[in-house]
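Grab a pencil and work through these exercises with the viewer open. Each task comes with a solution, so try it yourself before reading on.

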Amino acid sequence: MSRADIINAEETLALAEMLRIHLDAADAERLADDMSSVLDYVRKLDELDVSGVDPMGVGLGGYAELRDDVPGESLPTGELEILSGGSFDPQQDAFVTKPIFG
């Protein structure tokens, strides 16, 4: 399968529509070429024989050490309002965002 057969501009436009991203035809062609290049590279990596290679898991450190989930002191309400760009509602004691669907 050639690189052009992996994903085409029509599929890219359909994907962009699902993601609510506006693309014109030229952008869709360029993005289709870029995504096809990435997918072609991944396909080549899939051909490698890694049967003798131990999985690394999370990287060189061995495992991801997580901190204990312990409640701490909160920021004052005024600072939350400033840091959240006005999305913190002190009456609800929660962050309120605009709906993205409907």
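**Exercise 1.** Work out whether Arg 30 is buried, partly exposed or exposed.

*Solution.* Start with the number: in this predicted model, Arg 30 has 48% relative accessibility. Next, recall the cut-offs: buried means under 20% and exposed means over 50%, with partly exposed in between. Arg 30 therefore counts as partly exposed, because its 48% lies between those cut-offs.

**Exercise 2.** Find the salt-bridge partner of Arg 30, then place the pair in the chain.

*Solution.* Look at the side chains: Arg 30 meets Asp 27 in a salt bridge, at 2.3 Å from N to O. Side chains of opposite charge can pair when their charged atoms come close. Now place the two residues: both sit in helix H2, which covers residues 25-46. They are three residues apart, about one turn of the helix. Finally, check the cover on the acid: Asp 27 has 28% relative accessibility, so Asp 27 is partly exposed too.

**Exercise 3.** The structure holds two salt bridges. Track down the one made by Lys 44, and classify both of its residues by accessibility.

*Solution.* First the pair: Lys 44 meets Asp 40 through their side chains, with 3.7 Å from N to O. To count as a salt bridge, the nitrogen has to be within 4 Å of the carboxyl oxygen, so this pair at 3.7 Å makes it. Then the location: Asp 40 and Lys 44 are both in helix H2, four residues apart, about one turn of the helix. Last, the accessibility: Asp 40 is buried, because its relative accessible area is 14%. Lys 44, at 48%, is partly exposed.

**Exercise 4.** Which residues form a nonpolar patch on the surface, and where does Val 50 lie?

*Solution.* Pick out the members: Tyr 41, Leu 45, Leu 48, Val 50 and Val 53. Together they offer about 510 Å² of accessible area. As for Val 50, look in the loop between H2 and helix H3, the latter spanning 77-83.

**Exercise 5.** Zoom out and describe the whole chain: its elements, its burial and its contacts.

*Solution.* Begin with the elements: there are three helices and two strands, running α-α-α-β-β from the N terminus. Move on to burial: of the 102 residues, 15% are buried. The chain exposes about 9200 Å², and carbon and sulfur atoms supply 56% of that area. End with the contacts: take those between residues at least 6 apart in sequence, and 34% of them join residues at least 24 apart.

Technical notes
Residues are numbered from 1 along each chain as its sequence is written. This is a predicted model: local features need pLDDT of at least 70, side-chain atom pairs count only at pLDDT 80 or more; totals for chains, interfaces and linings use all residues. Side-chain values use heavy atoms; hydrogens and water are left out. Buried means under 20% relative accessible area, exposed over 50%, partly exposed in between (1.4 Å probe, protein chains only). Patches are made of residues with over 30% relative accessible area and no salt bridge: like charges are joined within 9 Å, nonpolar side chains (Val, Leu, Ile, Met, Phe, Trp, Tyr) within 5 Å. Accessible areas come from the Shrake-Rupley method with a 1.4 Å probe; for residues, only the protein chains shown count as cover. Contact means heavy atoms within 4.5 Å.
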